[in-house]
Every structure is written in structure tokens, then in C-alpha cells.
Amino acid sequence: MKNVGFIGWRGMVGSVLMGRMLEEGDFKGYEPLFFTTSNVGGKGPEIGLPIPPLKDAYDIDLLRGMDVIVTCQGGDYTSRVYPELRKSGWKGYWIDSASTLRLDEDSIIVLDPVNRPVIDRGLAAGTRTFVGGNCTVSLMLLALSGLFREGLIEWLSTMTYQSASGAGAKHMRELVTQMASLAGAAGDLLTDPATTAIQIDEVITRELRDPSFPSDNFGVPLAASLIPWIDRPMESGQTREEWKGFVETNKILQTKEPIPVDGICVRVGAMRCHSQGFTIKLKKDVPLDDLWAIVDKGNQWVKVIPNDKDSSITHLTPAAVNGTLTIPVGRIRKMLMGPEYVAAFTCGDQLLWGAAEPIRRILKIILEYLS
Ligand code: NAP
């Protein structure tokens with residue numbers, strides 16, 4: 001029986017991964033071993049099976065005994081352990097949610113509904129490092145996988161509306177704390193029907209600008225505001241989050257002719273769903289009905305939402321999509337710039353398809369390959 005080591009299973013991505021694996025009955029056919037960086041000898045997750053106490057995630061000898069290692073622990077852990085493990089001659093499969101190894105020549109970015117042939121070719125060629133992609137990129141590729149598969153996209157601009165969870169667990173808490181703080185400031189004004197919206201706005205604006213407003217993690221208010229900057233600056237004037245759009249898309253798809261992907265990435269006050277507005281330049285004019293059909297057939301999770309108000313506000317929002325694997329794509333229409341220009345909007349759970357689900361699925365694919 002193969003040995004599979006899990007590191008980072010209690011973090012945000014790791015716990016979503018554990019939840020999905022339990023739901024899908026994935027803890028069978030191999031020997032799971034759970035590791036920790038902080039609680040050696042402690043109790044591991046409930047997986048419906050007896051498991052030994054937690055092992056030391058820095059114990060290279062123990063890690064060397066694993067056929068597959070799944071880590072959602074983060075980039076610092078990967079940078080510290082991965083090189084040492086490989087240097088020791090370990091030839092096992094490394095599956096990682098951190099970005100550290102994404103652009104390594106020897107790694108494949110996994111998103112199997114979109115790049116299964118790339119993964120299969122990699123496995124056959126001896127690739128042993130598989131990394132989950134950037135959440136925004138993965139959600140965009142799933143939404144538009146039909147158009148990519150048909151080779152219809154000449155270039156793509158994506159304007160994002162990214163949730164707090166992408167920044168980490170503390171940021172999610174801070175968003176809600178900010179909301180509570182605003183509600184507290186509005187206080188009785190909200191319940192008194194005689195107050196005007198302008199009076200409430202004045203109080204909210206004062207609160208947002210108060211130096212004691214809770215913003216240790218974001219640095220600025222997100223609730224009742226937005227943050228038009230994610231990650232660090234690049235020389236191109238892009239943020240790193242924006243830079244990943246082009247680089248990761250083309251690595252995931254292993255395009256021969258790189259497809260330009262660019263846009264502005266913005267943090268908004270959603271909890272765990274990233275939304276994106278697309279401007280798509282097609283290589284040719286395709287009738288709208290055909291486009292809908294191509295997008296809808298992209299993969300089993302994509303769902304085309306009719307371009308009307310009720311459908312859009314009901315099905316195409318973080319409130320509707322949160323916690324589900326569905327990738328709704330709506331607002332699909334031709335743009336005024338010409339018949340090859342198409343607008344679309346999508347929304348997806350960034351902890352599921354943006355992080356845990358591609359990791360869960362590549363583990364299954366590798367275990368099937370090894371059996
Ligand atoms: P996280 O929640 O900070 O968890 C990472 C580790 O922190 C845990 O495995 C745990 O390790 C330790 N930890 C310390 N205090 C904890 C607490 N109170 N609750 C839970 N864990 C605690 O990290 P994450 O957001 O899941 O991200 C993990 C990796 O995935 C990162 O490289 C990240 O960039 C990447 N990623 C994240 C997202 C996202 O949306 N957040 C999306 C895609 C990829 P021990 O059990 O060893 O102490």
C-alpha cells in the first residue's frame with residue numbers, strides 16, 4: 001500500500017481539502033500519515049479511520065518514506081523542506097498548494113478539468129512535482145475552458161473582484177470585524193426611520209477614516225470600500241496577482257503561442273468567492289448561441305446563466321456560489337467594439353476550485369497512475 005503524507009491539513013486550504021476528501025470518501029486505498037509543524041504527538045483530523053499521532057513535518061527521514069506528500073502548509077515550509085528532500089534522493093510525488101514551485105521547470109500546475117492531457121503527459125514523462133494554480137487564474141480557466149479548448153481566444157482582459165479569503169484566514173475575520181464596527185457606528189441611526197441615508201453615510205465615512213478602525217491585516221478598510229491592489233509590484237506596473245494571469249495561464253495550458261491575459265485585480269468585501277469580468281477578443285466572429293453552448297460544455301461544473309437581471313442577481317454572485325463547486329458564467333454578450341469582442345462575468349469559490357479541489361483531484365490521479 002502506498003504511503004501518503006499530509007502537511008498543512010488544519011489550515012484554511014487544508015481543512016477545506018480534508019472536508020472534500022471526507023465527502024468524496026477519498027481516504028481509502030493507501031496509508032495516510034498526518035504531519036504538523038507545531039504539535040508533534042497531537043491528534044490528527046477525523047477521517048473516519050484510526051490514525052497515528054501527528055508526526056514532525058520537518059523529519060526528512062520520515063518524509064522520505066512517503067510515496068506522495070500533499071502539503072497545504074505554505075511557501076516557507078516548501079522552501080525549507082522540498083529542496084532538502086529532493087537532495088536526499090527522494091523520488092516521490094510532491095503535491096503543493098503554495099506558489100513556490102509553480103513556475104519551476106520541473107513542475108506542472110494542476111487543473112485537470114482544463115489540462116488533464118498536460119498532467120498525463122507529465123506523469124508519463126516522470127514529472128513528480130504538481131502544484132495548484134493561482135485561485136483567480138484557475139477560476140478563469142474553468143469558466144472559459146470551452147473557449148480555450150476550441151482555440152477561440154486571441155486575448156483576454158479580466159477585471160477581478162477578489163474575496164478576503166485569498167489573503168488568508170485573519171483577513172476574513174478582519175472583514176467581518178470591519179462590518180461589525182460599521183454597523184456599531186451606525187447604531188440607532190439605522191433603526192430610526194427619520195434619519196437620512198446621508199446622515200448614515202457621514203457616520204460610516206467618519207468611522208472608515210478613524211485611525212482606530214480595525215485594519216491591522218488589510219492596512220485599510222475593505223468593508224464599505226475596496227482595495228485596488230493585490231500582492232507586490234512588478235516592474236511592468238502590474239501587481240504580482242495580475243502578472244500571474246498571463247504566466248500561469250500559459251503554463252497551465254502549455255500554449256505554443258502565448259495568449260495575452262491581463263487586467264486589474266481588486267479586493268472586495270466578499271468572503272471566499274472571486275468574481276471576474278471578462279473582455280474576450282475572439283479570433284473570429286462566433287454567433288452568441290454557439291458561444292453559450294461552447295462555454296456551457298467547457299466542463300461539468302460550468303453553468304451558463306442567461307443574460308437577464310433575475311438570473312444574474314440570483315445565480316452569479318458570491319452569496320449564491322459560496323461553498324459550492326459550481327462555476328456560473330453569465331452576462332455573455334457581444335460588445336460595442338465589434339463582433340469578435342465578448343463580455344462575460346463569472347464567480348467561483350476560491351477555496352474550493354481556487355485551492356483545495358485541484359489538489360484533491362491530482363492526488364487521486366497520481367494514486368490511480370501508481371496502482
Ligand atoms: P493557513 O490557514 O495559515 O494554514 C497554514 C498552517 O498554519 C496550518 O497548516 C497550521 O500548521 C498553521 N496554523 C497556525 N495556527 C493555526 C490556526 N489557528 N488554525 C489553523 N492552522 C494554523 O494557510 P492557508 O491560507 O490554508 O494557505 C496554505 C497555502 O496555500 C499557502 O501557501 C497559500 O499561499 C496557498 N493558497 C492559499 C489560498 C487561499 O485562498 N488562502 C489559495 C491558494 C493557495 P500546523 O498544523 O503545522 O501548526
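Mentor: A residue is called buried under 20% relative accessible area, exposed over 50%, and partly exposed in between. The structure above is a predicted model, and Glu-46 is a suitable residue to start with, at 58% relative accessibility.

Trainee: Why does Glu-46 count as exposed?

Mentor: Its relative accessibility is 58%. The class begins over 50%, so Glu-46 counts as exposed.

Trainee: How do you know which class Lys-43 belongs to, buried or exposed?

Mentor: By the same test: Lys-43 has 60% relative accessibility, and exposed means over 50%, so Lys-43 is exposed.

Trainee: What makes the pair of Lys-43 and Glu-46 a salt bridge?

Mentor: A nitrogen of the Lys-43 side chain and an oxygen of the Glu-46 side chain are 2.7 Å apart. The cut-off is within 4 Å, so the pair qualifies as a salt bridge. Elsewhere, salt bridges with shared partners form one network of Arg-20, Glu-23, Glu-24, Asp-26, Glu-357, Arg-360 and Lys-364.

Trainee: Why do such side chains pair at all?

Mentor: Side chains of opposite charge can pair when their charged atoms come close.

Trainee: How many salt bridges does the structure hold?

Mentor: There are 13 salt bridges in the structure.

Trainee: How do you know that Arg-20 and Glu-23 meet in a salt bridge?

Mentor: Their N to O distance is 2.6 Å, and a salt bridge needs one within 4 Å, so they meet the definition. Both residues lie in helix α1, three residues apart, about one turn of the helix.

Trainee: What does Arg-20 do with Glu-24?

Mentor: Arg-20 and Glu-24 also meet in a salt bridge, with 3.0 Å from N to O. That value too is within 4 Å.

Trainee: Which of Arg-20, Glu-23 and Glu-24 are called buried, partly exposed or exposed, and why?

Mentor: Arg-20 has 6% relative accessible area, under the 20% limit, so Arg-20 is buried. Glu-23 has 61%, over 50%, so Glu-23 is exposed. Glu-24 has 39%, in between the limits of 20% and 50%, so Glu-24 is partly exposed.

Trainee: Now the ligand. Which residues are closest to the ligand?

Mentor: The ligand is surrounded by 20 residues, of which the closest are Arg-10, Val-13, Thr-37, Ser-38 and Ser-97.

Trainee: What makes the pair formed by Val-13 and the ligand a polar contact?

Mentor: A backbone N or O atom of Val-13 is 2.7 Å from a ligand oxygen. The limit is 3.5 Å, so the pair is a polar contact. By that limit, the side chain of Gln-73 also makes one, with an N or O atom 2.9 Å from an oxygen of the ligand. The side chain of Ser-97 does likewise, at 2.8 Å.

Trainee: How much of the ligand does the protein cover?

Mentor: On its own the ligand has 890 Å² of accessible area, and the protein covers 68% of that. Two elements, α1 (12-23) and α13 (352-370), each give two or more residues to the shell around it.

Trainee: How does the shell divide by class?

Mentor: It has 13 polar residues, six nonpolar ones and one charged one.

Trainee: Which residues make a nonpolar surface patch?

Mentor: Met-159, Tyr-161 and Ile-264 make one of about 260 Å².

Trainee: What makes Met-159, found in strand β8, accessible enough for a patch?

Mentor: A patch residue needs over 30% relative accessible area, and Met-159 has 36%, so Met-159 passes. Since 36% is between 20% and 50%, Met-159 is called partly exposed.

Trainee: Why is Arg-267 called buried?

Mentor: Arg-267, in strand β10 (residues 265-267), has 8% relative accessible area, under 20%, so the term buried applies. The C-alpha atoms of Arg-267 and Gln-162 are 4.6 Å apart, although 105 residues separate the two along the chain.

Trainee: What sets Ala-224 apart in its backbone?

Mentor: Ala-224 is not a glycine, yet has a positive phi of about 60 degrees. Ala-224 sits in the loop between α8 (197-209) and α9 (240-253). At 60% relative accessibility, over the 50% limit, Ala-224 is therefore exposed.

How values were computed:
Residues are numbered from 1 along each chain as its sequence is written. This is a predicted model: local features need pLDDT of at least 70, side-chain atom pairs count only at pLDDT 80 or more; totals for chains, interfaces and linings use all residues. Side-chain values use heavy atoms; hydrogens and water are left out. A residue is near a molecule or strand if one of its heavy atoms lies within 4 Å of it. A polar contact is a pair of N or O atoms within 3.5 Å; within protein, one must be able to donate a hydrogen and the other to accept it, and residues adjacent in sequence count only if both atoms are side-chain atoms. Accessible areas come from the Shrake-Rupley method with a 1.4 Å probe; for residues, only the protein chains shown count as cover. Helices (H or I, at least four residues) and strands (E, at least two) are DSSP runs, numbered from the N terminus. Ala, Val, Leu, Ile, Met, Phe, Trp, Tyr, Cys and Pro count as nonpolar, Asp, Glu, Lys and Arg as charged, and the others, Gly among them, as polar. Patches are made of residues with over 30% relative accessible area and no salt bridge: like charges are joined within 9 Å, nonpolar side chains (Val, Leu, Ile, Met, Phe, Trp, Tyr) within 5 Å. Buried means under 20% relative accessible area, exposed over 50%, partly exposed in between (1.4 Å probe, protein chains only).
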